[in-house]
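Got the viewer open? Set it to show cartoon and side chains, and keep the selection box handy as we go from stop to stop.

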Amino acid sequence: MRMTHIIAPGPLAGAEKVVLSGAAAQRARGHDVGVLLLQETRCPEHAARFAELARARGLPVSMLSVAARLDLRALGALHDMLGAMRADLLHVHGYKALCYTLTAGIGITAPIVASHHGDTDHNPLVTAYSMLGRWLYSRIACVIAVSTVSAAALVRGGVAKARVRTVPNPVELQVRPRIEPAADGPVRALFLGRLSREKGLDVFLRALASSAQSNITLSVAGDGPMRDPWQALCAELGLQSRVRFLGHCADIPGLLAGTDLVVMPSWREGLPVALLEALASGVPVFASGVGGIPEVLQGSAAGRLLPAGDPDAWAKALSELPSALPSMQRAALQRAPDVRATYSPLRWAEDVTRCYQQAVSEYGLDSIR
């Protein structure tokens, strides 16, 4: 099968990692796979970095420069590129890529499948694309949700149940040997993700400041629009000596090797790749019980589910952490091999290929457009 993944990449985060590892796994299974990148003119470095990583995996890459708002020139160029590719199927990631693909793809007969990685509202333009994308889901062959919770939300939002499939995200990383902490050192917590409002880092910072347990430090790996406000909050709470903002970090395995606990105080999620990376590395997790997180952590001693937006509950959990952490770490190390197998890129490729086959067989071209 000849297929093309289309994405407007941002900083290397969950959706970008899914495309890189998933497309490479599809190629390893014998599919003819390419990647088409919409390179936004306001941040061209994101697509350039993504292209470098994709080509290193042997993936053919095409790039199209696209302005921040609707770019009529780019629409015409994209139509020509899609026609020349002659793909059997187009797999689209992200609302902006979906809007451009459907608009430019008039007359292109390849079925379209979209991965719904989750919702965000970090600026009004993204919110508008999100609303439009939900409406456009009704015009494509299949929508792949990353969790059963996400799938149910899509159906409640008006997407036909027959068009929705559930395939959890894959995880791929080279696990490093654990770096043991100093005997009298602090508990080393890590926040890994985009610094945007829905990630709820401010909730954790307030919990950290009010917890009776003061021997916990936090490393914040990631960047985004809330970095400056959250750094200011750290200063307000007197946490400057306990919290480090690292910015974007490429060496995730190295970070996890020196981490005792990953924290995910999100207000909402799809199925965060950071959660899978932590568990695949044998690192326990404190996380909000939102999105697909409970589907991964429910009943596991490797993680603890906490209420979103409740600093008091998080502070209480942190106060209890030193006594709970050894058993959580043992459970996480025992579960790590199963997480790597269950959420492997090859398994993702197999499941997604079945979605493609069902989409093509269940929807004729007349019902796709």
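Which residue forms a salt bridge with Asp260? Select Arg178 together with Asp260 and you have the pair: the closest N and O atoms are 2.8 Å apart. Keep in mind throughout that you're looking at a predicted model.

**Stop 1: around Arg178 and Asp260**

Zoom out a little from that pair and trace the chain on either side. Arg178 sits in the loop between β7 and β8, while Asp260 belongs to the loop between α9 (252–257) and β11 (261–264), so to speak a link across distant parts of the chain, 82 residues apart. Now switch on a surface. Arg178 is partly exposed, at a relative accessible area of 33%, whereas Asp260 is buried, at 3%. Add Glu180 and Arg188 to the selection: salt bridges with shared partners join these two with Arg178 and Asp260 into one network.

**Stop 2: two further salt bridges**

How many salt bridges does a search of the whole structure find? The count is 16, and two others are worth a visit here.

Go to Glu40 and Lys96, whose side chains meet in a salt bridge with an N to O distance of 3.3 Å. Glu40 is part of strand β2 (residues 32–40) and Lys96 is part of helix α4 (residues 95–104), so this pair ties together parts 56 residues apart in sequence. Hide the surface to see them properly, as both Glu40 and Lys96 are buried.

Next, pick Arg57 and Glu172. Their side chains also form a salt bridge, 2.7 Å from N to O. This one links distant parts of the chain, 115 residues apart: Arg57 is in the loop between α2 (44–56) and β3 (61–66), and Glu172 is in the loop between β7 (164–166) and β8 (187–192). Buried or exposed? Arg57 counts as partly exposed, at 35% relative accessibility, and Glu172 counts as partly exposed too, at 41%.

As background for these stops, side chains of opposite charge can pair when their charged atoms come close.

**Stop 3: helices side by side**

Back to cartoons. Select helix α7 (residues 201–210) and helix α8 (residues 227–237), and look along them: their axes come within 10 Å and cross at roughly 15°. Being under 35 degrees, that angle makes α7 roughly parallel to α8. The crossing is right-handed. Turn on side chains to see what meets what. From α7 come Leu201, Asp202, Leu205, Arg206 and Ala209, and from α8 come Trp230, Leu233, Cys234 and Leu237. Colour this contact by class and you get 7 nonpolar residues, 2 charged and no polar ones.

Now do likewise with helix α1 (residues 14–28) and α2, which pack at an angle of about 25° with their axes 10 Å apart. α1 and α2 are therefore roughly parallel to each other, and their crossing is right-handed. Which residues make the contact? On α1, click Glu16, Val19 and Leu20; on α2, click Phe50, Leu53 and Ala54. By class, this contact of α1 with α2 has 5 nonpolar residues, 1 charged and no polar ones.

**Stop 4: a pair of buried residues**

Type in Ile144, which you'll find in strand β6 (residues 142–145). Ile144 is buried, with a relative accessible area of 2%. Setting aside sequence neighbours within four places, Ile144 is in contact with His91, Val113, Ala114, Ser115, His116, Arg165, Val167, Val352 and Cys355. For a sense of scale, draw a distance line from the C-alpha of Ile144 to that of Glu320: it spans 38 Å, for residues 176 apart along the chain.

Then hop over to Ser150 in helix α6 (residues 148–156). Ser150 is buried as well, with a relative accessible area of 9%. Apart from neighbours within four places in sequence, its contacts are Ala145 and Gly270.

**Stop 5: a backbone oddity**

Where is Arg86? Look in the loop between α3 (72–85) and β4 (89–93). Bring the surface back, since Arg86 is exposed, with a relative accessible area of 65%. Then check the backbone: phi of Arg86 is near 50°, a positive value in a residue other than glycine. Most residues other than glycine have a negative phi.

Methods
Residues are numbered from 1 along each chain as its sequence is written. This is a predicted model: local features need pLDDT of at least 70, side-chain atom pairs count only at pLDDT 80 or more; totals for chains, interfaces and linings use all residues. Side-chain values use heavy atoms; hydrogens and water are left out. A salt bridge is a side-chain nitrogen of Lys or Arg within 4 Å of a carboxyl oxygen of Asp or Glu. Helices (H or I, at least four residues) and strands (E, at least two) are DSSP runs, numbered from the N terminus. Buried means under 20% relative accessible area, exposed over 50%, partly exposed in between (1.4 Å probe, protein chains only). Axes are lines fitted to C-alpha atoms, for helices over the stretch in contact, and angles run from 0 to 180 degrees between N-to-C directions. Angles under 35 degrees count as roughly parallel, over 145 as roughly antiparallel, 65 to 115 as roughly perpendicular and the rest as oblique. A crossing is left-handed if the near helix is turned anticlockwise from the far one by less than a right angle, and right-handed if clockwise. Contact means heavy atoms within 4.5 Å. Ala, Val, Leu, Ile, Met, Phe, Trp, Tyr, Cys and Pro count as nonpolar, Asp, Glu, Lys and Arg as charged, and the others, Gly among them, as polar.
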